[in-house]
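Q: Please take a close look at a single part of this model, and set it in the context of the whole chain for a reader who is new to the structure.

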Amino acid sequence: MVSGGETSGYGLLTARENIWMFSQFYGVPSKVSKGRIDELMHIFGLWDKRNAKVRMLSTGQRQKMNMIRGFVTDPDILFLDEPTLGLDVNAARVIREYVTNWVRGQKGKTVLLTTHYMAEADQMCDRIAIIDKGKILACDTPENLKRMIRTETTFRLEVDAIRDLTTFSTMQGVKNFSHKDDIAKNRSFLTFILEDEGPVAEILSTITLQGKKVHSLQKSEPTLEDVFISMVGRGFE
Amino acid sequence: MSTYWRTFKTAAWLGWEMDSNWTEPWLFVLYSVIKPVAGAFILVLMYIVFVAIGRPQGDTDAFSYMYVGNSFFIFVATVLFGTFQVIQSDREWYQTIRYIYISPISYYVYILGRAASKIAVAVFAVAITLLFGAMFLGVRLHLALADVPMFLVSTVLGLAVLLAIGICLGGISFLTAKHTHGLAEGIPGLFYVFCGVLFPLSILPTWGQAIGRAIPLTYWFEITRRLIAPTITVNTTLAGFDPLTILLFLIVSSVGFFALSVLIYKVGEYFARKAGKIDMTTSY
């Protein structure tokens, strides 16, 4: 198991020693373990830091070390809990690519990934379960999940910051909607899942009647986030 | 190689790295020598105060008694706290407990392995303290060759009891917040008073002597003094028992304490698992 956003690891040990120690708890022969560690350190771009004490590593480097810890035992099933949380773009990309190739390149390997990043789930997963408040609302391939709401229409709007959203939830034809505020720009970003395009005019007039300006309106193909909104009835908190 | 042995070995290695790897090797060796010697000077100061208050003429037997007791008390403080804090440090500080706990090992054996390095550090400290006392402070030490096996057996049993008590506290710490490390400092304090470390049990009131006799460490200190400092004539309440009988007391109480430690550890672990507290982090 590997969790993101943690400081796990013994700071007085080097990155290499830390990973080796965990491999011993899983019974990996020491020589095999050291070979795998070196290989994985090259892949994850941590080779230069192999002899650095863990306390000296950055968050991204530490997370890479944790990922190597997860893979060094060559597990059949690996649990990844938000593995790219708080990482820079490059480090996150390296991790996503490796995990995807590892699980697809070998038979009998399974990764159970929990993530709030829908794009990450879309890119990496063969099957996705949408869970809300401990209940599985849907479990299928990304394509099938998106197909479920393809009969619906997704609209994204960027408007002046809007406070009164109650009208939208009762509006006929609106299946679900979510909103995010950008306080710095004084803007609101609304995503509507509509049964058809009928309510668009009413949505626009509701906004303009509040004296707010519509900056952009976009009809888009459904994403996994739209699927989530459609099922859960809200965006990510 | 059995899983238990591999776990013990790796955990002992980890413990040793954590104890010794914080500085350069030469500085660590220097620290390991100076620390117990400095501790010996505290004993000298305590003795001077006792003498000034009670016996201006001095009492070399009394000094040897407290010196040997305090030297071996290093084991108590180091091993007990070292064992106790394995769970706390892995859970709160390093946040590694969930990864170690879910690995296919016995966590109980892992704790024993981590504690082994504490024992190694303590053995060195005790040896330095005794050596310093014998060479510079007039502590009369003499271990007869014939007594070596009994000394080794009693030392192993004494350490086993300490590990058992440490693991008991560890089992409790599964369920408690990190500031409860005071528990691992307070318990040795009780042993210091009731187990004949600094003064013999005969000084304590009857109820205090009863508490002391219920704790295996009392027998450990008694037999250790008899074996390595046989010239000490301080009256203890255990004078009527020969060394073999005291060793028997130690064996019986050690087995009892070890069984108790497994029980308390398992109960603590069970409730921690049930409440989802194995990897909790706390703050205060």
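The part chosen is a helix late in the chain, helix H9 of chain A (residues 224-232). Which of its residues are buried, and what covers them?

A: The model is predicted. Chain A contains nine helices and nine strands, and 34% of its 237 residues count as buried. A compact globule of 237 residues would have a radius of gyration near 18 Å, whereas the value for chain A is 22 Å. Along the principal axes, the C-alpha atoms fill a box of roughly 70 × 40 × 25 Å. Among the contacts in chain A with a separation of 6 or more, 71% are between residues 24 or more positions apart.

Within this chain, helix H9 has the following buried residues: Leu224(A), Asp226(A), Val227(A), Phe228(A), Ile229(A) and Ser230(A). Their cover is drawn from several elements of chain A, including the helices H5 (118-124) and H6 (142-148). Strands contribute as well, among them E4 (128-132), E6 (153-160), E7 (174-182) and E8 (187-194). Just after H9(A), Gly233(A) adopts a positive phi of about 90 degrees.

One of the covering strands, E6(A), also leads to strand E9 (residues 214-220) of chain A: E6(A) and E9(A) run antiparallel and are joined by six bridges. In this pairing, Arg156(A) stands opposite Gln218(A) of E9(A). Strand E9(A) has seven residues, and the number buried is zero, so the strand lies largely in the open.

Terms used:
Residues numbered from 1 in each chain as written. Chains lettered and ligands numbered in written order. Predicted model: local features only at pLDDT ≥ 70, side-chain atom pairs only at ≥ 80, totals over all residues. Buried ≥ 20, exposed ≤ 12 C-beta atoms within 10 Å, placed from the backbone. Helix = DSSP H or I, 4+ residues; strand = E, 2+ residues; numbered from the N terminus. Contact = placed C-beta atoms within 7 Å. Rg over C-alpha atoms; globule rule 2.2 N^0.38 Å. Pairing = 2+ DSSP bridges.
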